[in-house]
Amino acid sequence: MSGRGLGVLLPCLRLVTSFYLPGLSPVEYELGATVEMKVNKLTSVKTQLPYDYYTLPFCRPRVITTSAENLGEILEGDRIENSPYEIRMLEDMTCKVVCKQALTVEMRKQFQKMIKHEYLVNWIVDNLPAATKYARAGKNEVTYINGFPVGVQKGEKYHLHNHVRINLKYHTNPDKYFGYRIVGFEIEPFSMHQAVKEKDGVLQASCQDGDAAPIFDLDVHDELTFTYDVAWAHSEIRWASRFDNYLKMTGGPGQIHWFSILNSLMIMLFLSGMIAVIILRTIHRDITKYNELASAEDAAEETGWKLVHGDVFRKPRHSKLLAVSVGSGVQIVCMSVVTLFLALLGVLSPVHRGALLQSCLLLFTFMVSSQATWHRVSTRPFTEPIGSR
Amino acid sequence: MTLLTAFLYPGIFFGIFFILNLLIWGQRSSGAVPFTTMFAMLCLWFGVSVPLVCLGAFFGFRKANIELPVRTNQIPRQIPVQSWFMKPAFTIMVGGVLPFGAVFTELFFIMSSIWQHQFYYLFGFLALVLVILLITCAEIAMALTYFQLTAEDYNWWWRSFLSCASSGFYVFGYAILYFSSRLQIEKPVSTMLYFGYMLIMSILFFLLTGSIGLLSSFSFVWAIYSSIKID
């Protein structure tokens with residue numbers, strides 16, 4: 001079976017890599033080059049229903065284009081689209097206006113509904129999802145969450161996050177490559193009412209810093225302005241390890257998890273070892289006993305499992321269903337093993353959106369060939385007319 | 001039988017997925033799979049999966065039969081009355097505990113990554129757990145089959161499958177527990193979404209552990225009966 005499994009694996013590998021996998025090789029930006037910011041779905045842990053970013057009346061670009069997607073991304077509900085936010089390499093900005101629009105009752109309701117369901121906005125820069133820093137309650141450590149909230153609900157009031165500070169981190173190494181690589185993307189969301197004035201046809205806003213700014217309450221204001229700051233900072237993180245912060249998101253005192261997992265694994269190993277030893281020894285004794293008895297022609301006194309030798313391969317009821325279940329089961333086993341193997345090699349990591357799901361699906365369909373062979377062989381006894389030989 | 005393999009379980013998975021998709025679509029969510037993707041998945045199923053099952057079956061038929069070490073009698077033997085702890089329901093429920101126990105800590109992380117949108121990256125660990133799971137399943141199935149045959153009960157085919165596969169029920173039970181303790185899902189559609197996907201996951205686990213149980217028991221039975229002399 002393993003030979004056939006390998007034969008199936010190779011074309012699969014080629015297929016998986018030939019599909020679009022984002023974020024595989026670094027991109028270098030020159031000074032002042034446009035860094036495209038893309039928007040992804042709105043997600044909520046509370047409803048588990050993702051929505052397109054532009055279902056909410058955020059600022060829209062002139063034309064909305066959707067980026068290429070693979071099968072896994074579509075199944076996960078990803079919709080990656082362009083955005084009107086303009087970011088340039090190493091150019092800091094403060095309180096830049098994206099757009100100003102009148103806030104209608106309809107829009108208010110939409111925002112309130114999303115804020116109530118704790119929806120998060122997901123942005124992407126250079127295949128790096130936006131992270132929000134937040135301090136764990138009562139602790140001194142900082143963790144990250146994926147994306148940032150649309151707004152916050154304070155009792156009956158809804159505060160919309162209409163200003164963001166985009167903290168980007170870059171890494172540069174003139175000896176090895178030319179330009180700058182993006183290694184960090186953090187968002188600090190704010191809710192504030194900006195003072196907006198028009199000057200030479202361009203909207204200008206002044207954002208007051210920190211807590212001094214008046215909060216943007218959805219029920220109070222009837223004009224909505226979206227603004228953003230961009231701050232670039234040098235970072236020692238190399239491009240290859242830029243995802244480490246995200247992977248730490250699982251959070252919690254990690255060592256406790258490790259300890260508990262390790263503990264249960266040890267128990268498992270010990271237990272299965274014990275079972276194996278008992279079975280091997282008892283059965284060995286049984287077999288020698290049975291064979292001695294047979295030679296001593298003492299067959300009348302035999303007990304135990306030898307007695308059922310005439311029935312042990314009797315066809316069970318609903319054998320067809322059993323055979324089909326085992327067939328599909330083997331398929332799933334092969335799928336899990338190969339997927340995990342690929343994941344271990346680093347081909348499938350959470351860094352590559354949708355890759356895991358997609359490869360699972362593809363492998364499941366391709367594994368059929370290997371499992372069916374095995375399945376025919378192993379279930380042969382069922383299809384034989386019993387007792388004919 | 002070949003066709004049943006190609007259609008039964010993929011059909012169940014696709015059916016659940018299709019119903020859930022209708023629900024998501026009813027909510028105007030972007031999680032709904034568009035028609036073209038649905039079509040692509042159907043193509044994968046009918047265009048790749050089904051022909052490959054038939055191909056596999058063709059090779060399977062051409063292979064030589066497995067020689068069974070013992071002949072099956074014409075008349076079934078009477079099974080003696082079994083003590084309570086050898087009753088099917090009991091052994092099946094007990095058998096599932098250990099495979100479930102081997103995975104449930106990892107299950108917690110996987111569910112957090114799916115439902116709390118956290119990244120999952122402990123693939124090395126998961127691989128280790130999978131190996132442990134496979135070994136535990138095989139051993140539990142062999143042990144239970146051995147005890148069963150010693151008690152002169154020969155209906156081991158289904159029993160060996162189910163005694164491991166019952167861990168799938170435990171997985172679903174854990175999903176219910178996780179839902180009530182860790183998640184704040186209130187919407188009925190979201191609840192159905194959660195349980196629909198967890199059902200698929202449990203069935204997958206059910207089949208995975210069950211088939212390992214049956215195959216290991218089969219090779220075990222085959223091995224012990226071919227090592228004794230029968231007149």
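Trainee: What makes the charged end of Arg181(A) count as sitting over the ring of Tyr177(A)?

Mentor: In this predicted model, the charged end of Arg181(A) is 3.6 Å from the centre of the Tyr177(A) ring. The rule asks for CZ of Arg within 6 Å of the ring centre and within 35 degrees of the ring normal. The distance of 3.6 Å satisfies the first part, and the contact is listed as a charge over a ring.

Trainee: Why is the aromatic pair of Phe161(B) and Phe206(B) called edge-to-face?

Mentor: The ring centres of Phe161(B) and Phe206(B) are 5.8 Å apart, and the angle between the planes is 80 degrees. Rings pair if their centres lie within 6.5 Å, and planes over 60 degrees apart count as edge-to-face. Both values meet the rule, so the pair is edge-to-face.

Trainee: Why is this pair said to tie together separate parts of chain B?

Mentor: Phe161(B) belongs to helix α5 (residues 156-165) and Phe206(B) to helix α7 (residues 188-226), so the pair joins parts that are 45 residues apart in sequence.

Trainee: How do you know whether Phe161(B) is buried or exposed, and likewise Phe206(B)?

Mentor: Buried means under 20% relative accessible area. Phe161(B) has 0% and is therefore buried. Phe206(B) has 18% and is therefore buried as well.

Trainee: What makes the pair of Phe172(B) and Phe195(B) tilted?

Mentor: For Phe172(B) and Phe195(B), the distance is 6.1 Å centre to centre, with 55 degrees between the planes. Planes under 30 degrees apart count as stacked and those over 60 as edge-to-face, so a pair that fits neither is tilted. Phe172(B) lies in helix α6 (residues 167-182) and Phe195(B) in helix α7, so this pair ties together parts that are 23 residues apart in sequence.

Trainee: Why is Phe172(B) called partly exposed?

Mentor: Partly exposed covers the range between buried, under 20%, and exposed, over 50%. Phe172(B) has a relative accessibility of 23% and therefore counts as partly exposed. Phe195(B), with a relative accessible area of 23%, is also partly exposed. Both residues belong to one aromatic cluster, which also includes Trp115(B) and Phe179(B).

Trainee: Which strand gives the most to the lining of the second largest pocket?

Mentor: That strand is β2(A), with 6 residues. The lining has 20 residues, and those nearest the pocket centre include Pro84(A), Tyr85(A) and Lys96(A). By class, the lining holds 11 nonpolar, 4 polar and 5 charged residues.

Key: Residues are numbered from 1 along each chain as its sequence is written. Chains are lettered from A and ligands numbered from 1 in the order in which they are written. This is a predicted model: local features need pLDDT of at least 70, side-chain atom pairs count only at pLDDT 80 or more; totals for chains, interfaces and linings use all residues. Side-chain values use heavy atoms; hydrogens and water are left out. On a 1 Å grid over the protein atoms alone, a cavity is a set of points where a 1.4 Å probe fits but cannot get out, and a pocket is an open set with protein on both sides within 12 Å along at least five of seven lines; lining residues have an atom within 4 Å of a point. Helices (H or I, at least four residues) and strands (E, at least two) are DSSP runs, numbered from the N terminus. Ala, Val, Leu, Ile, Met, Phe, Trp, Tyr, Cys and Pro count as nonpolar, Asp, Glu, Lys and Arg as charged, and the others, Gly among them, as polar. Rings of Phe, Tyr and Trp (its six-membered ring) pair if their centres lie within 6.5 Å; planes under 30 degrees apart count as stacked, over 60 as edge-to-face and the rest as tilted. Buried means under 20% relative accessible area, exposed over 50%, partly exposed in between (1.4 Å probe, protein chains only).
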